[in-house]
Amino acid sequence: MSGDELNPAAVAQPVEDVQGDGRWLSQHSRFVLECKDGEPDVLFIGDSMVQLMQQFEVWRELFSPLHAFNFGIAGDTTCNVLWRLQNGELENIRPKVVVVWVGTNNYQHTAEQVAGGIFAITQLLSSRLPKAKIIVLSLLPRGERPNPLREKNATVNNLLRASVPRLAQAQFLDVSREFVHSDGTISSQDMFDYLHLTSAGYCSIAKPLSDLLLQILEETPEERRPSLV
């Protein structure tokens, strides 16, 4: 891609309310209100992989104690996350770390476009939150057996591995390698529908992510008032 303006995966847009119940916009509005009432140290932003994490013990044990907000919405693409970030979900908060996990729902986009969309999100976060560190999580493999979407996600990860480190405050964390067995299959014990994680699946990704978050938070100096001499 020669520029974000040419990349449809980097064009901010809300979800069309085809079902007529306004659920997506209601969730977004709730997140905007949370920004007015809380001061997170860690912000998780993304799709159902982020959203469902808070239903499991790993969230309560490892991430909630870090003063984390969970801004995940099932079905979101890079376009939807960009729109949310541009429309209030970064107002009034200054997290020390932002975890980005999105892209597997970009069915209509090529791997290059998806990686560009994720990179556009990372650039936006870098601009809006210049003091925050950003962790971009890899897309996970999907499907019980090898398939084109799994190959596409692997290509996205390779592209992100090369592009994300170009931004000084961002890094790429690959959490995808634990799920594919030697015969190429994925177990339903890790992904109950061969896409979304079980409790055991979340435990696999939680340890490396938690270790990295703790490392970053320990290295991030607290903002202090200047001492009087």
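How do the residues lining the second largest pocket divide into nonpolar, polar and charged? The split is six nonpolar, five polar and four charged. Before going on, keep in mind that this is a predicted model.

**The second largest pocket**

Let's stay with that pocket for a moment. It holds about 300 Å³ of space, and 15 residues line it. If you want to find its centre, look for Val15, Glu16, Gln19, Arg23 and Trp24, which lie nearest to it. Helix 1, covering residues 23-37, supplies the largest share of the lining, with four residues.

**One cavity**

Now for the enclosed space. A probe the size of a water molecule, rolled over the atoms, shows where empty space is left. Here the structure holds one cavity of 30 Å³ or more, and about 50 Å³ of space lies in the largest cavity. Its lining is made by Asp47, Met49, Trp101, Thr104, Leu139, Leu140 and Leu195. Sorted by class, that gives five nonpolar residues, one polar and one charged.

**Strands side by side**

Next, the strands. Strand 1 (residues 42-46) runs parallel to strand 2 (residues 68-72), and five bridges join the two. One spot to look at is Val42, which stands opposite Ala68 in strand 2.

Strand 2 itself is mostly covered, with five of its five residues buried. In a regular strand, side chains alternate between the two faces of the sheet. You can follow this along strand 2: Ala68, Asn70 and Gly72 point one way, while Phe69 and Phe71 point the other way, and all are buried.

Further along the chain, strand 4 (residues 133-137) and strand 5 (residues 170-173) also run parallel, joined by four bridges. Within this pair, Ile135 has Gln171 of strand 5 as its bridge partner. Add helix 6 (residues 148-163) to strands 4 and 5 and you get a right-handed β-α-β unit.

Helix 6 is also the place of Arg150. Is Arg150 buried or exposed? Arg150 counts as buried because its relative accessibility is 11%, under the 20% cut-off. Its C-alpha atom is separated by 15 Å from that of Asp183, and the two residues are 33 apart along the chain.

**Cysteines and two unusual loop residues**

How many disulfides does the structure hold? The count is zero. Two cysteines are still worth a look for how covered they are: Cys79 is buried, at 1% relative accessibility, whereas Cys203 is partly exposed, at 41%.

Here are those two next to a couple of other residues already mentioned or coming up.

| Residue | Relative accessibility | Class |
|---|---|---|
| Cys79 | 1% | buried |
| Arg150 | 11% | buried |
| Tyr194 | 25% | partly exposed |
| Cys203 | 41% | partly exposed |

Finally, check out the backbone at two loop positions. His67 has a phi near 60°, a positive value in a residue other than glycine. You'll find His67 in the loop between helix 3 (57-63) and strand 2. Tyr194 has a positive phi too, of about 65°, although it is not a glycine. Tyr194 sits in the loop between strand 5 and helix 7 (199-219). Why does Tyr194 count as partly exposed? Tyr194 falls in that class because its relative accessible area is 25%, which lies between the 20% and 50% cut-offs.

Terms used
Residues numbered from 1 in each chain as written. Predicted model: local features only at pLDDT ≥ 70, side-chain atom pairs only at ≥ 80, totals over all residues. Heavy atoms only, no water. 1 Å grid on protein atoms, 1.4 Å probe; cavity = no way out; pocket = protein on both sides within 12 Å on 5 of 7 lines; lining within 4 Å. Points joined across faces, edges and corners; volume = space filled by probe spheres on them. Nonpolar A, V, L, I, M, F, W, Y, C, P; charged D, E, K, R; others polar. Pairing = 2+ DSSP bridges. Right-handed = clockwise from strand over helix to strand, strands pointing away. Buried < 20%, exposed > 50% of the residue type's maximum accessible area, 1.4 Å probe, protein only. Disulfide = S-S within 2.5 Å.
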